[in-house]
Amino acid sequence: MPRTDRFLDIRRDPHSDELLARGGDSEAHSILQRAGFVAVVRVHETYHRTPTGLAEDDESRLATDAVARLRAAGYHVDCDADFDTDSRPASYLPLGSSVVHVAERLREAATTDEAADALTELTAAHDGVLTALEEVLTATADFHDGLGQAADPYIARRLRYLADEHLRVIRTVLSETRNQLADRHAPHPGRSTCTGEVPSTEQERSAVCACPPPPRTLPAPPPPMAAGLRR
């Protein structure tokens, strides 16, 4: 059966007249956000709405774009007739995909050196991911400084606090972890891979490989016999 999280509805609510998107998984939610929708997180549901203050034509264009993007990504979208479209725009890997690749490298790392190399992408002083994130927080704070509403200076201060305090802690811990791994030069005991090849310097050609034999597994015990059966 098809997965239910591959289905979405994008319609105007008949009671509130809000344009809402419901359903989908986290990837679909990202597509909706990139199309311009705003996430609404409730206790039992996360759905999406259009930004406040949009004209109806702008909402329709936003919804039509979301339908096209979702269908291009393989989602099944039921929608109002006004939003239906045959357009299938090209999709590109988002910036976050390159950061996720760091996690994939860490999951596949077989040595501390490989893990340290992966973490360097986060912790590099000049162009690491965490340095770039600090730049984003600071730029967002600068943007709020002159935005003009009463709450904007508070938002700016909060963003700078995140950069100066919380992000600094994360960067310090990850940098120390990276440096410790770089100094160890050790294989991961649970991830060492055996190629099955005999080294060229091996004199005993009957040797299979230099790896220790795998742990012996005991056979599973037979199922217990039913007791007290009567004829």
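Strands β2 and β4 run antiparallel and are joined by two bridges, and within this pairing L20 has R49 of β4 as its bridge partner. The model described here is a predicted one.

**The sheet**

The pairing of β2 with β4 belongs to an open sheet of five strands, which has mixed pairing and the order β3-β4-β2-β1-β5. The edges are taken by β3 (38-41) and β5 (76-79), and because each of these has a single partner strand, one side of each is left without a neighbour in the sheet. From one strand to the next the twist averages 25°. On one edge, β3 pairs with β4 in the antiparallel sense over four bridges, with Y47 of β4 as the bridge partner of V40; these two strands form a hairpin that has four residues between them. On the other edge, β5 runs parallel to β1 (residues 7-12), to which four bridges join it, and D9 stands opposite D78 in β5.

The strand pairs described above are set out below.

| Strand pair | Sense | Bridges |
|---|---|---|
| β2 and β4 | antiparallel | two bridges |
| β3 and β4 | antiparallel | four bridges |
| β1 and β5 | parallel | four bridges |

**Helices on the sheet**

Helix α1 (residues 26-35) packs on the sheet, where it touches β1, β2 (19-23), β3 and β4 (46-49), and its direction makes about 15° with that of β4. Helix α2 (residues 56-72) packs on the sheet as well, touching β1, β2 and β5, and its direction makes about 170° with that of β1.

The two helices also pack on one another, at an angle of about 145° and with their axes 9 Å apart, in a crossing that is right-handed. To this contact α1 brings A28, I31, L32, R34 and A35, while α2 brings L62, D65, A66, R69 and L70. Sorted by class, the contact of α1 with α2 comprises seven nonpolar and three charged residues, with no polar ones.

**Cores and a buried histidine**

In soluble globular proteins, nonpolar side chains tend to be buried together. The largest nonpolar core of this model has 18 residues, of which I10, L32, F37, L70, Y75, V77 and F83 touch the most other members. Two or more residues of this core come from each of β1, β2, α1, α2 and β5, and α2 gives the most, with five residues. Another core, of 15 residues, lies apart from it and includes A115, A118, L122 and L159.

Is H48 buried or exposed? H48, which has its place in strand β4, has a relative accessibility of 1% and therefore counts as buried, the cut-off being under 20%. Leaving aside residues up to four places away in sequence, H48 touches L19, L20, A21, H29, L32, Q33, F37, V38 and A39. Two of these contacts, L32 and F37, are also among the residues that touch the most other members of the largest nonpolar core.

**The chain overall**

The chain contains six helices and five strands, and from the N terminus on its elements run β-β-α-β-β-α-β-α-α-α-α. Of its 231 residues, 24% count as buried. Among contacts in the chain with a separation of 6 or more, 49% are between residues 24 or more positions apart.

Notes: Residues numbered from 1 in each chain as written. Predicted model: local features only at pLDDT ≥ 70, side-chain atom pairs only at ≥ 80, totals over all residues. Heavy atoms only, no water. Pairing = 2+ DSSP bridges. Axes fitted to C-alpha atoms, helices over the stretch in contact; angles between N-to-C directions. Contact = heavy atoms within 4.5 Å. Left-handed = near helix turned anticlockwise from the far one by under 90°. Nonpolar A, V, L, I, M, F, W, Y, C, P; charged D, E, K, R; others polar. Core = buried A, V, L, I, M, F, W, Y, C linked by side-chain atoms within 4.5 Å. Buried < 20%, exposed > 50% of the residue type's maximum accessible area, 1.4 Å probe, protein only.
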